[in-house]
Amino acid sequence: MKKSVVVVLGTQWGDEGKGKIVDLLTERADAVMRYQGGHNAGHTLIINDEKTVLHLIPSGILREGVKCYIGNGVVIEPAALIKEIKNLEASGVDVQSRLYLSKSAPVIMPYHIKLDQLRETKKGKAAIGTTGRGIGPSYEDKVARRGILVGDLLDAELLKEKLSTVLDYHNFVIENYHQAQPLDFNEVYNNALEQAAFIKNMCVDVTDALHTHLNKDHKLLMEGAQGSLLDIDHGTYPYVTSSNTTSGSASTGSGLGATHIDYVLGITKAYTTRVGGGPFPTELFDEDGVELAKRGVEFGATTGRPRRCGWLDLVALKRAVQVNGVSGLCVTKIDVLDSFKTIKLCTSYGDQSFPGSIKEWTNVTPEYKSFAGWQSSTRGMTEFNQLPQAAKVLVDYIAEFTGAPIHMISTGPDRCENILLVDPMT
Ligand code: GDP
Ligand code: IMO
Ligand code: MG
């Protein structure tokens, strides 16, 4: 079957290597779009040793001529977006002529950022460990039907009206609940108008633009942010992000109905990481955890925080395969396991069924199956047959357990370090 729309998403707690894979597959795409999340994401691209970290802009931007869309499901912080555009343009990437923003996307306003940070501080030890970017409060305003959308920024009178009501409401909470300084209306309003002038020409009807691509038989890549265990419905609630990170979002966050989606590529690391608070059944606190962090250079691409590390959790991965309708898996960072004598995969949560509450998540006792390591370098391999037998056994077991075939294996951070078994784009 000809594939027109391919979704690439994370099957763990984020940072699986989505950016790298989207950039790689964009070679055969006409357009790339982000459909959920915001600048809480940090997607790393490494091309000939040169590193680019993208937060809001789709990971197709480094491929000349490819159009990039930010859909209605994304929350957009204009200052962060403008900074990202200017940084890329300073390094010679043409952005403004091929980046398009949905007028229906909610804006992250300064009070969202302030509220996110004030709440986290108030929670103390129980903090979610958010990125402090205002993601949650902006999505809340959308659902509460008081959000300011990108299109509203373009209409000075409408913006004034909406902002005065919503700022009143949030300032009340900021002052009376958090005992903090309220925000000044004129400052927020004037900054928003300035930002609107910058982004105005990039604002379009993204849904219509995507359907126009489809009518021309173009190939579209849909880039997920975060990971399935951070999904607001299917994740480790309340230690999650505030959007649906699973594949249904690719439809709702773009305006491409579910039947338009041809293929879902689920990205998983060969182990697991998590940034921020919350349950992580296979987390390691011993030297194996330290080794994973060191070899995998596990620091957040957005906040720089150290990532918690542990063995691959096949129980959680199998759930992610089901929830997303994964067509094929891409196993990344297999090279990080090169030094291990023994590698473990979590194959059961003991007598507990899949957790449905934070209490159940906290009570999980993981059970493992041990595999022999290969203790030789897989870095940069491009053919499945080059892999040591022990690595092949590990990868085959992941497919067997989860019921999803392995279509790609990533053997290093660079764009060219991959084994392509089945091309998701054809
Ligand atoms: P994303 O948020 O899913 O796009 O992932 P991040 O960019 O936050 O984190 C993935 C990190 O792993 C980045 O530093 C990548 O450069 C790196 N990376 C991706 N794939 C591989 C791989 O196969 N091997 C190694 N060693 N590093 C990788
Ligand atoms: P990418 O796209 C890893 C985590 C935060 C926190 C929780 C809620 O790079 O994989 P939020 O600011 O979204 O309200 O924080 O979600 N988180 C991520 N962790 N990768 C990400 O994005 C993340 N985006 C949010 O650390 O635990
Ligand atoms: Mg990341």
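A polar contact, as the term is used in these legends, is a pair of N or O atoms within 3.5 Å. All the views below come from a predicted model.

**View 1. Ligand 2 and its polar contacts.** Let's start with the backbone: a polar backbone atom of G42 sits 2.9 Å from an oxygen atom of ligand 2. V275 also uses its backbone here, with an N or O atom 3.1 Å from a ligand 2 oxygen. T241 takes part through its side chain instead, placing a polar atom 2.6 Å from an oxygen of ligand 2. On its own, ligand 2 would expose 550 Å², and the protein buries 97% of that area.

**View 2. The shell around ligand 2.** Here we step back to see the neighbours of ligand 2, which number 20 residues. Which of them come nearest? They are D15, K18, H43, T131 and T241. Sorted by class, the shell of ligand 2 holds ten polar, seven nonpolar and three charged residues.

**View 3. Ligand 1 and its polar contacts.** Once again, backbone and side chain both appear. K18 brings a backbone N or O atom to 2.8 Å from an oxygen atom of ligand 1, and a polar backbone atom of G412 is 3.1 Å from a ligand 1 oxygen. From K333, a polar side-chain atom lies 2.9 Å from an oxygen of ligand 1. Ligand 1 has 580 Å² of accessible area when taken alone, of which the protein covers 93%.

**View 4. The shell around ligand 1.** In this view you can pick out the 19 residues that surround ligand 1, with G17, K18, T44, D335 and S410 the closest. Which helix and which strand each supply at least two residues of this shell? Look for α1 (18–25) and β3 (43–47). By class, the shell of ligand 1 is made up of eight polar, seven charged and four nonpolar residues.

**View 5. The magnesium ion, ligand 3.** Two residues coordinate the ion: D15 through OD and G42 through its O atom, at 2.1 to 2.2 Å. D15 belongs to the loop between β1 (5–10) and α1, while G42 belongs to the loop between β2 (31–34) and β3, so the pair ties together parts that are 27 residues apart in sequence. Is G42 buried or exposed? With a relative accessibility of 10%, G42 counts as buried, because the cut-off for that class is under 20%. You may remember both residues from the earlier views: D15 is among the residues nearest to ligand 2, and G42 has a polar backbone atom 2.9 Å from a ligand 2 oxygen.

Note on methods:
Residues are numbered from 1 along each chain as its sequence is written. Chains are lettered from A and ligands numbered from 1 in the order in which they are written. This is a predicted model: local features need pLDDT of at least 70, side-chain atom pairs count only at pLDDT 80 or more; totals for chains, interfaces and linings use all residues. Side-chain values use heavy atoms; hydrogens and water are left out. A residue is near a molecule or strand if one of its heavy atoms lies within 4 Å of it. A polar contact is a pair of N or O atoms within 3.5 Å; within protein, one must be able to donate a hydrogen and the other to accept it, and residues adjacent in sequence count only if both atoms are side-chain atoms. Accessible areas come from the Shrake-Rupley method with a 1.4 Å probe; for residues, only the protein chains shown count as cover. Ala, Val, Leu, Ile, Met, Phe, Trp, Tyr, Cys and Pro count as nonpolar, Asp, Glu, Lys and Arg as charged, and the others, Gly among them, as polar. Helices (H or I, at least four residues) and strands (E, at least two) are DSSP runs, numbered from the N terminus. Donors are N, O and S atoms within 2.8 Å of the metal (3.2 Å for Na, K and Ca); water is not among the atoms, so sites may look incomplete. Buried means under 20% relative accessible area, exposed over 50%, partly exposed in between (1.4 Å probe, protein chains only).
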